[in-house]
Amino acid sequence: MAARGGAGGGAAGADPGGADRVHAADPARVRSVEGGGAVKPVSLLRGAFTLACVVFVLLPLLVVVVASVSTDHVLTGVPSGFTLEWVRTALAYEPFRIGVQYSLQVAAIATALSLLLGVPAAYAIARLDVPGAGLLRTVFVAPLSLPRVVTGFSFFVLYASLLPSAYGTVGGVAFAHTLLLLPFVVSLVGAGLAGLDPALEEAARDLGASPVATFFRVTLPQIRTSLVISAVFAFLTSFDEVDTSVFLMPADVTTLPVAIFLRLEQNQDPTTSAVSSLMIVASLAVAALAALGVRGSGLAGSRNSSGEGRP
């Protein structure tokens, strides 16, 4: 009995020392228990860096918006007053109105073409045993490495020498924009396909579905979120493109960004800030509507409901 008690007492007496050794072997746990002194500075630094990035991105946009409603012709500090005169001038300016119509047509056609070409390309790279798939992926991403000015001048030379009838047309500008949008579409759709379980497509084919039916009935519904994001991103990128477009159209019929550029060369009043503010608001509205549409239709959760992403 005494021996067992002594043994038990010895074991009980060894526990505090063992606990001390455990805590001593885990300094991170000791710091977290004592107040997390080493974690707080890192968290503060991370928060400060995030805030600095947000301010860096949003501050120029805020300055443009404030300048568009300021009574001052040149914004040098706190506005002396506020007015909507510049907004009304921008809405009534004929080149801007023509530019909006032209930009909408170009962006719609370029977005449709980039999706029609980019989605099959992304699927072929991700799913099919295509020889040189890595090289094909590099070819589609290559336009990102070229300056937009070089791309625009190259298309200008192409149209001037071989396709003069395409210069200044909606189709000609949209075709050039398609080359710029393909890298984004291929990358975004490819990311969606990478997260899709191939077993779903294999099961459909095992049940008798043809490859085309499998693509349209199984694959596309599962990557709808990637398609929506690609379409919105492509549309906004095309609508905002200026470096390439300025080489491909005459001065009397231009897209809205080119019209803004030409207006800045002639008159540097807050009218350009006003139309830029309208573009900022419109872009945010389109992105917000797309996000609400994805969430409201359940597209964001369609992949989880199919069992994807579960451990």
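**Helix packing and pockets**

In this predicted model, helix α5 (residues 94-127) and helix α12 (residues 256-266) have axes that come within 7 Å of each other and cross at roughly 150°. Angles over 145 degrees count as roughly antiparallel, so α5 is roughly antiparallel to α12. Two pockets are described below, with volumes of about 550 Å³ for the largest and about 160 Å³ for the second largest.

**The α5–α12 contact**

- From α5, the contact uses P95, F96, G99, V100 and S103.
- From α12, L256, P257, A259, I260 and R263 take part.
- By class, the contact residues of α5 and α12 comprise 7 nonpolar, 2 polar and 1 charged.

**Annotated transmembrane regions**

- An unreviewed UniProt entry carries the annotation "transmembrane region" for residues 48-69, 102-126, 138-162, 174-194 and 274-294.
- Residues 102-126 are 100% helix and 0% strand in the model, with end C-alpha atoms 35 Å apart.
- Residues 274-294 are also 100% helix and 0% strand, and here the end C-alpha atoms lie 30 Å apart.

**The largest pocket**

- The volume of the largest pocket is about 550 Å³.
- Its lining counts 22 residues. Nearest the centre are F239, L256, M279, I280 and S283.
- Two or more lining residues come from each of α4 (85-92), α5, α11 (224-240), α12 and α13 (271-296).
- Helix α13 gives the most to this lining, with 8 residues.
- The lining of the largest pocket divides into 18 nonpolar, 2 polar and 2 charged residues.
- L256 links two topics: this residue of α12 belongs to the contact with α5, and L256 is also among the residues nearest the centre of the largest pocket.

**The second largest pocket**

- The second largest pocket holds about 160 Å³ of space.
- Its lining consists of T225, V228, I229, V232, F233, L236, A287, A290, A291 and V294.
- The elements giving two or more residues to this lining are α11 and α13.
- Helix α11 supplies the largest share, 6 residues.
- By class, the lining of the second largest pocket has 9 nonpolar residues, 1 polar and no charged.

**Helices that serve both pockets**

- Helix α11 gives two or more residues to the lining of the largest pocket, and α11 also does so for the second largest.
- Helix α13 likewise gives two or more residues to the largest pocket and to the second largest.

Methods:
Residues are numbered from 1 along each chain as its sequence is written. This is a predicted model: local features need pLDDT of at least 70, side-chain atom pairs count only at pLDDT 80 or more; totals for chains, interfaces and linings use all residues. Side-chain values use heavy atoms; hydrogens and water are left out. Axes are lines fitted to C-alpha atoms, for helices over the stretch in contact, and angles run from 0 to 180 degrees between N-to-C directions. Helices (H or I, at least four residues) and strands (E, at least two) are DSSP runs, numbered from the N terminus. Angles under 35 degrees count as roughly parallel, over 145 as roughly antiparallel, 65 to 115 as roughly perpendicular and the rest as oblique. Contact means heavy atoms within 4.5 Å. Ala, Val, Leu, Ile, Met, Phe, Trp, Tyr, Cys and Pro count as nonpolar, Asp, Glu, Lys and Arg as charged, and the others, Gly among them, as polar. UniProt positions are given in the numbering used here, feature names are shortened, and annotations may be inferred rather than shown by experiment. On a 1 Å grid over the protein atoms alone, a cavity is a set of points where a 1.4 Å probe fits but cannot get out, and a pocket is an open set with protein on both sides within 12 Å along at least five of seven lines; lining residues have an atom within 4 Å of a point. Grid points are joined across faces, edges and corners, and a volume is the space filled by probe spheres set on the points.
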